[in-house]
Amino acid sequence: MRTSKPITVTLGKQQQSVDARLASGAYDSASEVIRVAFCALDREEQAVNEVLRARIRASIDDPRPSLTADEAEAEMARFMPARAKRRAVRRANAPAAGPCRPAGGLPRHCRGQPERCRGGWLCAADNGALPQNR
């Protein structure tokens with residue numbers, strides 16, 4: 001009994017590559033070429049995943065102290081100056097702190113839009129009234 005099912009694949013430009021490999025005699029069928037290609041793709045993905053795991057492990061094992069939120073924002077601002085500028089403008093224009101609004105920023109749970117408020121928070125943007133969409 002067959003363990004795989006036949007499928008139809010449109011290769012487009014890659015068809016020339018399959019044909020060239022078949023013509024070279026290195027492979028007996030298009031299916032063999034595709035199987036070998038998938039094996040190579042699997043090896044490549046595994047190698048990438050190993051690199052990512054190693055980087056994550058190195059970051060977790062890093063003995064240096066973690067950054068505070070302000071330090072992380074300052075570090076990111078060095079790499080993303082336009083984003084930092086927009087955020088500074090937003091913070092400068094943000095209303096004063098309220099029941100759900102931390103000083104100097106927009107709350108994550110509702111972004112100052114009472115219709116998006118959730119979790120029983122009172123939203124400073126709607127004068128402390130509970131949103132109607134509960």
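# Close-up views of a predicted helical model

**View 1. Asp61 and Arg57 pair up along helix α2.** Let us start with Asp61, which is partly exposed, with a relative accessible area of 48%. Please keep in mind that this is a predicted model. The partner to look for is Arg57, whose side chain meets that of Asp61 in a salt bridge (3.3 Å, N to O). Arg57 is also partly exposed, at 45% relative accessibility. How far apart do Asp61 and Arg57 lie in helix α2? They are four residues apart, about one turn of the helix. The pair counts as a salt bridge because its 3.3 Å contact falls within the 4 Å allowed between the side-chain nitrogen and the carboxyl oxygen.

**View 2. Asp62 reaches Arg64.** Move along the chain to Asp62, which forms a salt bridge with Arg64. The closest N and O atoms here are 2.6 Å apart. Are these two residues buried, partly exposed or exposed? Asp62 is partly exposed, with a relative accessible area of 26%, while Arg64 is exposed, at 62%. Arg64 gets the label "exposed" because its 62% is over the 50% cut-off.

**View 3. Arg78 and Glu75 meet in helix α3.** The side chains of Arg78 and Glu75 form a salt bridge, with 3.0 Å from N to O. Both residues belong to helix α3 (residues 69-79), where they are three residues apart, so about one helical turn separates them. Arg78 is exposed at 59% relative accessibility, whereas Glu75 is partly exposed at 33%. If you are keeping a tally, the model has three salt bridges.

**View 4. A nonpolar patch sits on the surface.** Which residues form this nonpolar patch? They are Val48, Leu52, Ile56 and Ile60, and together they offer about 360 Å² of accessible area. Zoom in on Ile60, a residue of helix α2. Ile60 is exposed, with a relative accessible area of 53%; it can join a patch because 53% is over the 30% that patch residues need.

**View 5. The largest pocket draws on helices α1 and α2.** Here you can look into the largest pocket, which holds about 400 Å³ of space. Its lining counts 14 residues, and Ile7, Val9, Ala30, Ser31 and Ile34 lie nearest the centre. Which helix gives the most to the lining? It is α2, with five residues. Both α1 (14-24) and α2 (30-61) supply at least two lining residues each. Sorted by class, the lining has eight nonpolar, three polar and three charged residues.

**View 6. Gln15 and Ala30 are compared across the chain.** Gln15 is found in helix α1 and is partly exposed, at 32% relative accessibility. Ala30, one of the residues nearest the pocket centre, is 15 residues away from Gln15 along the chain. The C-alpha atoms of Gln15 and Ala30 are separated by 9.3 Å.

**View 7. The whole chain puts the close-ups in context.** Stepping back, you will find four helices and zero strands. Read from the N terminus, the elements run α-α-α-α. How much of the chain is buried? Buried residues make up 10% of the 134 residues.

Technical notes: Residues numbered from 1 in each chain as written. Predicted model: local features only at pLDDT ≥ 70, side-chain atom pairs only at ≥ 80, totals over all residues. Heavy atoms only, no water. 1 Å grid on protein atoms, 1.4 Å probe; cavity = no way out; pocket = protein on both sides within 12 Å on 5 of 7 lines; lining within 4 Å. Points joined across faces, edges and corners; volume = space filled by probe spheres on them. Nonpolar A, V, L, I, M, F, W, Y, C, P; charged D, E, K, R; others polar. Buried < 20%, exposed > 50% of the residue type's maximum accessible area, 1.4 Å probe, protein only. Patch = residues over 30% accessible without salt bridge, like charges linked within 9 Å, V, L, I, M, F, W, Y side chains within 5 Å. Areas by Shrake-Rupley, 256 points an atom, 1.4 Å probe, with all protein chains shown as cover.
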